Amino acid sequence: MNFHGILAAMGGLMIVTVDLPAAQPGLVGSEFIFETAPFPACHASTIVESGNGLVAAWFGGTAEKNPDVGIWLSRHEDGKWSAPEQVANGVQHAAKRYPCWNPVLFQPANGPLLLFYKVGPNPKAWWGMLMTSSDGGKTWSEPRRLPEDIIGPVKNKPIQLADGGILCGASTEQSGWQIHFERTADLGRTWEIIRPINDARKIGAIQPSILFHGNNRLQAIGRTEQGRIYEVWSDDGGRSWGKLTLTELPNPNAGTDAVTLQDGRQLLVYNHSKTERSPLNVAVSSDGRVWEAALVLESEADKEFSYPAVIQTRDGLVHIVYSWHRKRIKHVVLDPGRLELKAIVNGQWPG
């Protein structure tokens, strides 16, 4: 079906025409951020609302892990996305270059736009990098390496706490998959590490998304090696965490992302499968424990739709970006107030 969505974008109204398998309540519009690009492969996108509008980034090059992979960025201006521009690479010196990985954009309440990313030969040996922009992503500072052992947000956006501190969900893969958290009170200049919270021999988990539940109560959810999404809770603003457990929601060893909505509900984007990175689904929960089916963003056998990132903008709309066959980045817009929810029973997607 040919779908015409009207996006309430910062620069005015934008008409988006896409082909969708079927109209679904709450689905406002969908588009590719770019149709052509200087790179054949891309992955691990991120999106943010800056003071000037939406900004998206991802890594792109000949293929993941190749030295030519850099960080690419596009800004939403005048109702359309700007052409992809490379803003960072892994060049060390004239004879050595490493691939870049997993950019994460974040706009603090006060201060410049932050762009975290990783550089290194692989996830076991990469290190964290940070750039800043004071003009909504048009120009960027020189990259600087984060302190030793600080990765920054490993895939998903951090959160800003009531005291202004930024809490990042991080993880390592050197001795099994382990989650830890990193906190900065000064926009990335100094850091505090909150120790690993899981035993990788029991549950290998990485890439947390952090959700708000009020009164300093936080929840982190994300990817595992065990075929299901994990959850873990904190009652003190992320300074300590309880026992990490598996939910009923499936996970094919693939990235997820989630956001706390303005109405207090939680929205999760993930692959509802234990083995494949298709379909790509949206679920909603009022308590972070019981999830209901909302949308199927993509569903095509033997294809990959993966590594989502999700935010809610000031106008209340939800914006999702994700890898489309690892060839393009897709941008989808939802109206969370119009979603029609159905029960997920025993981990089974309805219908």
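Select F106, Q107, K157, V259 and Q312: of the 21 residues that line the largest pocket, these lie nearest its centre. The model on screen is a predicted one, and the tour starts at this pocket.

**The largest pocket**

The space in the largest pocket amounts to about 660 Å³. To see which strands border the pocket, colour β4 (41-50), β11 (100-106), β15 (159-160), β19 (205-212), β23 (257-260) and β27 (305-312), each of which supplies at least two residues of the lining. The largest share, 3 residues, comes from β4. Colouring the lining by residue class gives 12 nonpolar, 6 polar and 3 charged residues.

**The largest nonpolar core**

Next, select I71, L105, L115, Y117 and W140, which touch the most other members of the largest nonpolar core, a set of 21 residues. Strands that each give at least two residues to this core are β4, β5 (53-61), β6 (70-77), β8 (85-88), β11, β12 (113-119) and β13 (127-133). Its largest share, 4 residues, comes from β12.

Centre the view on W140. Leaving out residues up to four places away in sequence, W140 touches L73, V87, L105, L113, L114, L115, M131, T132 and S133. Apart from this core lies another, of 20 residues, with L27, V284, V318 and L339 among them.

**S323 in strand β28**

Move now to S323, which is found in strand β28 (residues 318-324). Is S323 buried or exposed? S323 counts as buried because its relative accessibility is 0%, below the 20% limit for that class. Display the polar contact that the side chain of S323 makes with the backbone nitrogen of A44, at 3.4 Å. Then show the wider surroundings: beyond its neighbours within four places in sequence, S323 is in contact with C42, H43, A44, S45, E304, F305, S306, Y307, R328 and I329. For E304, a distance label between C-alpha atoms will read 7.6 Å to S323, although the two residues are 19 apart along the chain.

**N281 in strand β25**

Go on to N281, which is found in strand β25 (residues 280-285). N281 is buried, since its relative accessible area is 1%. Which backbone nitrogen does the side chain of N281 reach? The partner is H272, at 3.1 Å. H272 also appears in the contact list of N281, which, not counting residues up to four places away in sequence, consists of L268, V269, Y270, N271, H272, L295, V296 and W349.

**Backbone features in the loops**

The last stops concern backbone geometry. Most residues other than glycine have a negative phi, and most peptide bonds are trans.

- Select S278 and P279: the peptide bond from S278 to P279 is cis, with omega near 10°. P279 sits in the loop between β24 (266-270) and β25.
- Select N253, a residue other than glycine with a positive phi of about 60°. N253 belongs to the loop between β22 (245-250) and β23. N253 counts as partly exposed because its relative accessibility is 29%.
- Select D302, where phi is positive, near 60°, in a residue that is not a glycine. D302 is located in the loop between β26 (291-298) and β27. D302 is exposed, since its relative accessible area is 79%, over the 50% that marks this class.

Note on methods. Residues numbered from 1 in each chain as written. Predicted model: local features only at pLDDT ≥ 70, side-chain atom pairs only at ≥ 80, totals over all residues. Heavy atoms only, no water. Buried < 20%, exposed > 50% of the residue type's maximum accessible area, 1.4 Å probe, protein only. Polar contact = N/O pair within 3.5 Å; in protein donor to acceptor, adjacent residues only side chain to side chain. Contact = heavy atoms within 4.5 Å. 1 Å grid on protein atoms, 1.4 Å probe; cavity = no way out; pocket = protein on both sides within 12 Å on 5 of 7 lines; lining within 4 Å. Points joined across faces, edges and corners; volume = space filled by probe spheres on them. Nonpolar A, V, L, I, M, F, W, Y, C, P; charged D, E, K, R; others polar. Core = buried A, V, L, I, M, F, W, Y, C linked by side-chain atoms within 4.5 Å.
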